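Q: Please take a close look at a single part of this model, the pairing of its charged side chains. Then continue to the other features that help a first-year student to read the structure.

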Amino acid sequence: MAKFVGYRCSLCQIEYAPGEVTYTCPRDGGNLDVALDYEAIKNKYQPEDILSRTDPSLWRYRPLLPVTLPDGEATPLHAAGGTPTYRLTTLAGPYRLRNVWLKDESRNPTASFKDRASAIVVARAREIKADVVVTASTGNAGAALAGMSAAVGQKAVIFAPKSAPAAKVAQLLVFGAKVILVDGTYDDAFDLTIQCADEFGWYCRNTGYNPFTAEGKKTAAFEIWEWWRGAHREFHKRIGEETDHKPLTVFVPVGDGNIISGIHKGFKDLMQLGWMARMPRIIGVQAEGSAAIANAFHGNTETITPVSASTLADSISVDLPRDGVRAIRAAKETGGTYITVSDEEILEAIAELGKVGVFAEPAGAAAYAGLVKGAGLGVVGGEDPILVLNTGSGLKDVGAAMRAVAEAPIIEPALEVVKKIL
Ligand SMILES: *Cc1c(COP(=O)(O)O)cnc(C)c1O
Ligand SMILES: [Zn+2]
């Protein structure tokens, strides 16, 4: 475990000792960055110490994580991360992008990116001997918390909007969490969860509130770093050294903004350690109907104005993003930008990804929709190396999946009929 030295507020930059605060900055409500002792890490480890590890899960990065792994072997908690990356050779789209890879986060134990955050938060909960962990969720964060908690016998309470897709609610219930559906939005559930945590002394995992979620999400950046160390050699051989000036561009779907800020944190950790030569460019993708962060980014302000969110991509449907400032900086400080996509473009992306064998939920497909749109806008071009995240499985929301494709015909079981419709 890395030496966890405390927190630094992302707004006022004030530092706090580990025991001094738990969630956000008491002065201004800013998101807290977990501070590690980089000198101590550098003195003790080389990249090779990590690269040579055989554990494929996110726990291979333990020297860079602020928590210890709870006991118990071969549980879902121990299996988060280590997701595959595929080169999409046939999905060039109309823009002939030749170097697109997809990192498939639907391969996590509960089928979304959220497992990374929940693994770390559950580990933290065990360390501080929390009785109950609670979270607000549009579905995936809750499923991840419920699954990771079940794996180690931790009690979990999940608040979700009653509009959450049925598959996500089923997952929560099957994992044995206490599930409470709120007749309101995700934002209503979020505020209620914080009240309950205060009232009952529960440990709150809320995204963009608990500083440890980003520490879990940063492990995707570590995996991208490891993968790109190998893949970029092949890339240069194929494309030629003159492309050396092209940084890797990473497309991330954005709701609360915690995945994008977690990935940025991971890359920053690696830069601090001197383990990564060049910061990748990070591009955030939001749904047009839930674009509070994109609006602020393009308005050139860090003041987030809430929207009344409306999109079929429920996992990125957020009125007031809780990690907006760091999410803006993730794009700004890396030469990236924000792109918004319509629900129709998201549905098209689901169908496109399906053609290469990737089944994405709407929020997961949003990043690919953003790539298609970004290519049209000239944000990325032909030879740029590009990594797109799929953050969640299509099985999470089959209702949306069915809207992305044509219906199958129902026929009488007769050869003549088959001949007629083929
Ligand atoms: C939560 C989630 C996102 C967005 O993450 P934020 O941290 O809220 O920006 C994207 N896709 C999926 C599938 C998610 O579950
Ligand atoms: Zn502050």
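A: **Charged pairs and their surroundings**

K42 and E39 are 3 residues apart in helix α1 (residues 38-44), and therefore about one helical turn separates them. The model examined here is a predicted one. In it, the side chains of K42 and E39 form a salt bridge, with N and O 3.6 Å from each other. This pair counts as a salt bridge because the cut-off is a side-chain nitrogen of Lys or Arg within 4 Å of a carboxyl oxygen of Asp or Glu. K42 has a relative accessible area of 31% and is partly exposed; E39, at 48%, is also partly exposed. These labels follow from the limits used: a residue is buried under 20% relative accessible area, exposed over 50%, and partly exposed in between.

By the same rule, the count of salt bridges comes to 26. One of them joins R8 to E15, whose closest N and O atoms are 2.9 Å apart. R8 has a relative accessible area of 32%, so it is partly exposed, whereas E15, at 54%, is exposed.

A further salt bridge joins R326 and D33, with 2.6 Å between the closest N and O atoms. This pair links distant parts of the chain, since R326 belongs to helix α11 (residues 324-332) and D33 to strand β3 (residues 32-36), 293 residues apart. R326 is buried, at 9% relative accessibility, while D33, at 21%, is partly exposed. Salt bridges can also be joined into a network, as they are among K103, E105, R116 and E223.

Side chains of the chain also hold a metal. The zinc ion (ligand 2) has as its protein donors the SG atoms of C9, C12 and C25 and two OD entries from D28, at 2.3 to 2.4 Å. Along the chain, these donors follow the spacing C-x2-C-x12-C-x2-D. Within this set, C12 and C25 link distant parts of the chain: C12 lies in the loop between β1 (4-9) and β2 (15-16), and C25 in the loop between β2 and β3, 13 residues apart. C12 is partly exposed, at 25% relative accessibility, but C25 is buried, at 3%.

Helix α5 (residues 140-152) offers a view of the interior. Its 13 residues should span 18 Å at 1.5 Å a residue, and the C-alpha atoms at its ends are 19 Å apart, so the two values agree. The helix is mostly covered, with 11 of its 13 residues buried. Among these buried residues are N140, L145, M148 and V152. The buried residues of α5 pack against three helices and two strands, namely α3 (76-79), α4 (114-127), α6 (166-174), β6 (132-136) and β7 (155-161). After α5 comes G153, which has a positive phi near 70 degrees.

The surface, by contrast, also carries nonpolar side chains. F359, L395 and V398 make a nonpolar surface patch of about 290 Å². V398 belongs to helix α14 (residues 398-403). This residue qualifies for such a patch in terms of accessibility because patch residues have over 30% relative accessible area, and V398, at 47%, counts as partly exposed.

How values were computed
Residues numbered from 1 in each chain as written. Chains lettered and ligands numbered in written order. Predicted model: local features only at pLDDT ≥ 70, side-chain atom pairs only at ≥ 80, totals over all residues. Heavy atoms only, no water. Patch = residues over 30% accessible without salt bridge, like charges linked within 9 Å, V, L, I, M, F, W, Y side chains within 5 Å. Areas by Shrake-Rupley, 256 points an atom, 1.4 Å probe, with all protein chains shown as cover. Helix = DSSP H or I, 4+ residues; strand = E, 2+ residues; numbered from the N terminus. Buried < 20%, exposed > 50% of the residue type's maximum accessible area, 1.4 Å probe, protein only. Expected span 1.5 Å × (residues − 1). Contact = heavy atoms within 4.5 Å. Donors = N, O, S within 2.8 Å, 3.2 Å for Na, K, Ca; no water.
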